Amino acid sequence: MKIAIIGTGYVGLVTGACFAELKHRVVCVDNDASKVRALKMFKVPFYEPGLEEMVRRHARNGRLSFSTQISSAVKNSDVIFIAVGTPPKENGEADLTGIESVVRAIATSMHSYRLIVEKSTVPVDTGRRVQHTIETNKAKNVPFDVASNPEFLREGQAIHDFLHPDRIVIGVESARAEKILRQLYADIPAPLIVTDIKSAELIKHASNSFLALKISYINAVARVCEAAGADVERVAEGMGLDGRIGRTFLDAGIGFGGFCLPKDLDAFVGISQKLGYDFGLLKEAKKINESQKELFVRKIENRLWNIKNKTIAVCGLSFKPNTDDMRFAPSVDIIALLQQLGARIRACDPQATKKAKGLLKDVVFCRDVYEAARGSDCLIIVTEWNEFKEMDLKRIKKLLKQPIIIDGRNIFDPALLEAMGFSYVCIGRTSK
Ligand code: UGA
């Protein structure tokens with residue numbers, strides 16, 4: 001099939017490359033000419049394992065191309081996916097101006113039937129507005145359908161998530177749209193949920209908010225564990241074996257970050273509010289998440305006594321491993337809080353340093369964990385990269401001024417670290 005993807009951000013580019021992998025012909029459109037120029041030279045503007053290679057392969061075999069022109073992409077495609085950004089406004093609501101202008105451009109370029117699919121995460125009822133905008137801007141007698149097909153990929157494993165999803169959700173209002181979307185995904189062996197557009201839109205917000213809720217729940221349990229002298233890792237293991245609960249997203253730590261969970265949680269609270277429901281449960285999840293970072297800084301302060309003029313080695317800046325994404329990364333707030341208390345920061349990250357340099361002030365960026373640890377008063381784990389899990393702890397102990405590790409991601413075994421002579425502080429697990 002011939003597909004146009006409007007927007008070459010995370011979701012758009014991964015979707016485009018993966019549809020090319022499924023042997024469709026794809027044109028990815030973006031109004032940022034420099035981005036399109038770079039993509040034509042196979043340069044992906046963010047780090048995602050395997051993506052650059054996939055883009056290069058399909059651009060070379062002709063299945064994937066890039067353009068700044070919505071009109072020609074619409075003319076030459078059967079299906080048009082909208083994957084432009086829906087960033088949060090001041091009040092937490094999604095900014096849909098990008099979607100609206102793209103929809104107008106699509107409408108004025110259509111000359112025969114087109115299926116327009118929302119891929120971006122949008123509030124419930126956006127489909128109806130998209131439909132109305134197309135109806136009022138297109139030429140007479142041009143048939144079309146609107147559909148919703150939310151994306152559930154995680155950064156860092158986006159290609160795997162796209163090609164091997166737990167489920168594919170399609171919200172449609174015509175048999176023709178359903179048939180086209182079924183055909184598009186025919187080679188992916190995953191359960192396909194067919195529903196109305198509003199329910200499909202809601203599935204995305206309800207899913208991300210539930211994941212956020214699950215993380216805040218385990219972080220709250222971690223506090224009880226600490227107070228009681230229990231171990232949150234064992235509690236999560238014991239809970240997770242119950243098939244109704246599941247072990248994933250029960251890792252206690254410094255809270256969730258990134259561009260999706262915090263934004264979608266806020267948006268879902270706002271959407272519910274507008275519809276007349278006060279989603280207090282989600283508000284509490286957000287509160288727990290915010291305080292998780294302050295709690296971590298208090299742990300550091302407790303251990304170091306005074307933070308002023310102490311040097312802290314920060315391991316990890318990206319919001320999670322295998323990405324260079326710094327958007328809503330807990331590291332940003334944690335470093336700001338430590339700097340307010342007078343700390344000097346030496347930070348390292350396997351991928352995010354370049355992006356972090358534009359965001360963080362007065363930070364010494366180090367090549368690796370060993371350079372960061374040299375002469376520091378303690379080392380803190382903020383992102384659980386494999387590089388940190390595998391660090392040479394004997395070497396680290398020699399490099400640090402004091403053998404103190406404060407771990408916001410529970411990557412080490414407390415008994416082992418204590419046996420090595422470290423003072424080890426983590427989340428929801430009390431040291432012996
Ligand atoms: C999230 C969802 O997992 C995807 O399904 C969804 O498609 C995506 O948002 C989106 O809406 O586009 P992502 O933001 O890439 O994906 O990252 P996650 O893997 O969900 O992690 C989010 C945050 O939660 C990270 O900061 C991570 O460190 C934290 N987390 C995750 C925990 O603190 N504990 C856990 O047990 C799991």
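# Cores, ligand shell and loops

Biologist: Which residues does F81 touch, not counting residues up to four places away in sequence?
Modeller: This is a predicted model. Contact here means heavy atoms within 4.5 Å. By that cut-off, F81 touches I3, A4, I5, I6, F19, V117, K119, N149, L181, L184 and Y185.

Biologist: How many residues are in the largest nonpolar core?
Modeller: In soluble globular proteins, nonpolar side chains tend to be buried together. Here, the residues with the most contacts inside the core are F19, L51, F81, L115, F162 and L181. The size of this core is 43 residues.

Biologist: Which helix gives the most to this core?
Modeller: The helix in question covers residues 10-21. It supplies 7 residues to the core. It is helix 1.

Biologist: How many residues does the other core have?
Modeller: This core lies apart from the largest one. M239, I312, A329 and F365 are among its members. Its size is 39 residues.

Biologist: Now the ligand. Which residues come nearest to it?
Modeller: There are 21 residues around the ligand. Those that come nearest are F152, L153, E155, K204 and N208.

Biologist: How many residues of the shell around the ligand are charged?
Modeller: Take the shell class by class. It has 10 nonpolar residues and 3 polar ones. The charged residues number 8.

Biologist: Which helix gives the most to the shell around the ligand?
Modeller: Helix 9 (197-228) and helix 11 (261-274) each supply at least two residues of the shell. The one that gives the most supplies 4 residues. That one is helix 9.

Biologist: How many Å separate a backbone N or O atom of E155 from an oxygen atom of the ligand?
Modeller: Several backbones reach ligand oxygen. For a polar backbone atom of L250, the distance is 3.4 Å. For a backbone N or O atom of F319, it is 3.2 Å. For E155, it is 2.7 Å.

Biologist: What percentage of the ligand's accessible area does the protein cover?
Modeller: On its own, the ligand has 720 Å² of accessible area. The share covered by the protein is 92%.

Biologist: Turn to the loops. Is N410 buried or exposed?
Modeller: N410 lies in the loop between strand 13 (404-407) and helix 18 (414-419). Its relative accessibility is 8%. The cut-off for buried is under 20%, so N410 counts as buried.

Biologist: Which residue's backbone oxygen does the side chain of N410 reach?
Modeller: The N410 side chain makes a polar contact with the side chain of E233 at 3.2 Å. It also reaches a backbone oxygen at 2.8 Å. That oxygen belongs to I427.

Biologist: What does Q69 count as at 43% relative accessibility?
Modeller: Q69 sits in the loop between strand 3 (64-67) and helix 4 (70-75). Buried means under 20%, and exposed means over 50%. At 43%, Q69 counts as partly exposed.

Biologist: How far apart are the C-alpha atoms of Q69 and N31?
Modeller: Along the chain, these two are 38 residues apart. In space, their C-alpha atoms are separated by 7.6 Å.

Biologist: Is D362 buried or exposed?
Modeller: D362 is in the loop between helix 14 (353-357) and strand 11 (363-365). Its relative accessibility is 72%. The cut-off is over 50%, so D362 counts as exposed.

Biologist: What is phi of N309 near?
Modeller: N309 is in the loop between helix 12 (280-304) and strand 9 (311-315). Its phi is positive, in a residue other than glycine. D362 also has a positive phi, of about 55°. For N309, phi is near 65°.

Technical notes: Residues numbered from 1 in each chain as written. Predicted model: local features only at pLDDT ≥ 70, side-chain atom pairs only at ≥ 80, totals over all residues. Heavy atoms only, no water. Core = buried A, V, L, I, M, F, W, Y, C linked by side-chain atoms within 4.5 Å. Buried < 20%, exposed > 50% of the residue type's maximum accessible area, 1.4 Å probe, protein only. Near = heavy atom within 4 Å. Polar contact = N/O pair within 3.5 Å; in protein donor to acceptor, adjacent residues only side chain to side chain. Areas by Shrake-Rupley, 256 points an atom, 1.4 Å probe, with all protein chains shown as cover. Nonpolar A, V, L, I, M, F, W, Y, C, P; charged D, E, K, R; others polar.
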